[in-house]
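Reader: I am new to this structure and should like to understand the terms used to describe it. Please explain the reasoning behind each one.

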Amino acid sequence: MKKRFSLILSLLLLCLTCLAQISTKQQPRSFKLNSVKFSQNNTIVLSSPDVRELLFEEEQKNDLFKQRSCAVVIPMEENFFNRAEKISLSDADLYLLKIKCEGALALNFYSNDFYLPQGGEFYIWNTSKTKCLGAFTSDNNSSDGMFATDYVYDDEMILEYYQPKSVTENAKINISSFGYFYRDVFNFEQEKALIEDFDDNVSSVQNLPYKDYRESGSCNVNVNCSEGDNFRDVQRSVVRMLIYTNAALYWCSGTLVNNTNNDRKPYIFSAAHCIEKVDRNSYYSQIVFYFNYETSGCTNPTKEPSYSTLTGCTRLSYDSKYGEGGTDYLLLELKNNVPQSYNPYWAGWSSKDELFRGCVSIHHPSGDVKKISTVDGAIQDMGYDENYWDYDTHRMTKWKKTANGYGITEGGSSGSGLFNAEGLLIGSLSGGESSCYASDNNKVDWYGRMDVTFPKIKQWLDPQNTGYTDFAGREYTVGLEQCNKGSFEMDIYPIPATDNINIALKNMNNNGIITILDGLGRSVYSKEIFAGTNTYCIDIENFVKGVYYVRIYSKGDSIIKKIIVR
């Protein structure tokens, strides 16, 4: 077993993954040293919380809201430089500090006084070197001095700071707290090693007897299964949220939402009860948002998915009366713009009072990879309990079994978007009774109504008071240059066009979505296109003259080409 584990670890060191918010994604500087030793002088040992008590408290909750605790906050006030070991190199100074908290599945870091001079680099990594965060630089400085990170696996983490001797300005790194994760994070690589020693008959991570303790129920459907084929754009708008409070960390879900200026404002739409315990404005600066945390295909992952994060937001508007007839909405604005490299999508919305059919919800149950749930028939105009919500503020969904499972929602799904068949946002999840174990009749949830919420957030989503009741989503950028990165080929003629455009396709081996966008990135045409299609004709006679962009998205590949309508 030890030989096999060493081999796995060696391979991991060669393919180290660095994930972080707006970081350089460099390897920590200390990795180039021959050896790094830690002693009592440069190690802080934290007292472990009683996880059994935390889980007992969670089980005693008697509400239907679906946020989910995943970690406890361990407070600490310590100057990093007072405890770190300083290593003088020929051209720089290196500071190292180990944090240990026995029994943690993962740890993350928070600071309430963080400042790096230009040239300084801050890293966080676990002792097995299977996951590192950084380098964080002066680009991560915030006017309020707040800073937070993603988690690293295991119950030990290393804080590292590197500063060239040519930099004379002092850095500030105050350690204010750590997050001690006791569930919902899954160290795939470590579990692979444990599998080999557990039982010769255990062939995959899915078969571990304790895996359900850390992930969503097995009935859930991964978003990249066929159920999500018509929602490939909008799935990129869904984010996982790690919400910081004084005592604990919580999972919720949210949606990057568009506005009528089409200016890529980083608005996140979610649920107010997700921030119920956020009792300080400064805590919003330490909420972590996860983009693209999802499987690459339909099956559950056997290794850590790649993803990107951003940290910090401000609260724009929310419904503080969600338990007294409110819609339980929350609108946030990220402190940083979403980089194009994240491949983001700003979801469109509908403020119509309508019982839509063909709806889905996309979310992160139990903080797991992105899942999709499909509504059985139309959303319903039904009330529940006046202490929670009623038909004046919420609509009910009943989930149905589909080809790959029985999509429901769980803790961590709170705040996730409900989308109509056109992929427009029509509500956010408050909660409900659905679970993998509930009866079919009880697989129901309630979503705050966008048509009721919209007047309260119109100043942000429709700042020019255009009066739109439906507004399309948008890509990061469209049409500034030709984009052809697909495994298939597309030609369009005639250009310019007047009545019709003809699309010739080669090697279209998978179903896809064909969309035409106007010059502002708004969708004016969208249809499914099937594998094997060679030609496709679209009537554009009623299109307003101007520049448009034709996009085909299929199985992760896309092609965008510009057309002119005269």
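Author: The model is a predicted one. A suitable place to begin is the second largest cavity, whose volume is about 80 Å³. Of its 14 lining residues, those closest to the centre are Ile 379, Arg 395, Ile 426, Met 450 and Asp 451.

Reader: Which elements give two or more residues to the lining of this cavity?

Author: They are β26 (425-432), β27 (444-449) and α6 (450-461). The largest share, three residues, comes from β27. By kind, the lining divides into six nonpolar, three polar and five charged residues.

Reader: Why is the contact between Asp 233 and Arg 551 called a salt bridge?

Author: The N to O distance between the two side chains is 2.4 Å. The cut-off is 4 Å, so the pair qualifies as a salt bridge.

Reader: What does the pair of Asp 233 and Arg 551 tie together?

Author: Asp 233 lies in helix α5 (residues 232-235) and Arg 551 in strand β36, so parts that are 318 residues apart in sequence are tied together.

Reader: Is Arg 551 buried or exposed, and how do you know?

Author: Its relative accessible area is 3%. Buried means under 20%, so Arg 551 is buried. Asp 233, with 14%, is therefore buried by the same cut-off.

Reader: What makes Val 547 partly exposed?

Author: Val 547, in strand β36, has 36% relative accessibility. That value falls between the cut-offs of 20% and 50%, so Val 547 counts as partly exposed. Together with Ile 495 and Ile 564, Val 547 forms a nonpolar patch on the surface.

Methods. Residues are numbered from 1 along each chain as its sequence is written. This is a predicted model: local features need pLDDT of at least 70, side-chain atom pairs count only at pLDDT 80 or more; totals for chains, interfaces and linings use all residues. Side-chain values use heavy atoms; hydrogens and water are left out. Patches are made of residues with over 30% relative accessible area and no salt bridge: like charges are joined within 9 Å, nonpolar side chains (Val, Leu, Ile, Met, Phe, Trp, Tyr) within 5 Å. Accessible areas come from the Shrake-Rupley method with a 1.4 Å probe; for residues, only the protein chains shown count as cover. Helices (H or I, at least four residues) and strands (E, at least two) are DSSP runs, numbered from the N terminus. Buried means under 20% relative accessible area, exposed over 50%, partly exposed in between (1.4 Å probe, protein chains only). On a 1 Å grid over the protein atoms alone, a cavity is a set of points where a 1.4 Å probe fits but cannot get out, and a pocket is an open set with protein on both sides within 12 Å along at least five of seven lines; lining residues have an atom within 4 Å of a point. Grid points are joined across faces, edges and corners, and a volume is the space filled by probe spheres set on the points. Ala, Val, Leu, Ile, Met, Phe, Trp, Tyr, Cys and Pro count as nonpolar, Asp, Glu, Lys and Arg as charged, and the others, Gly among them, as polar.
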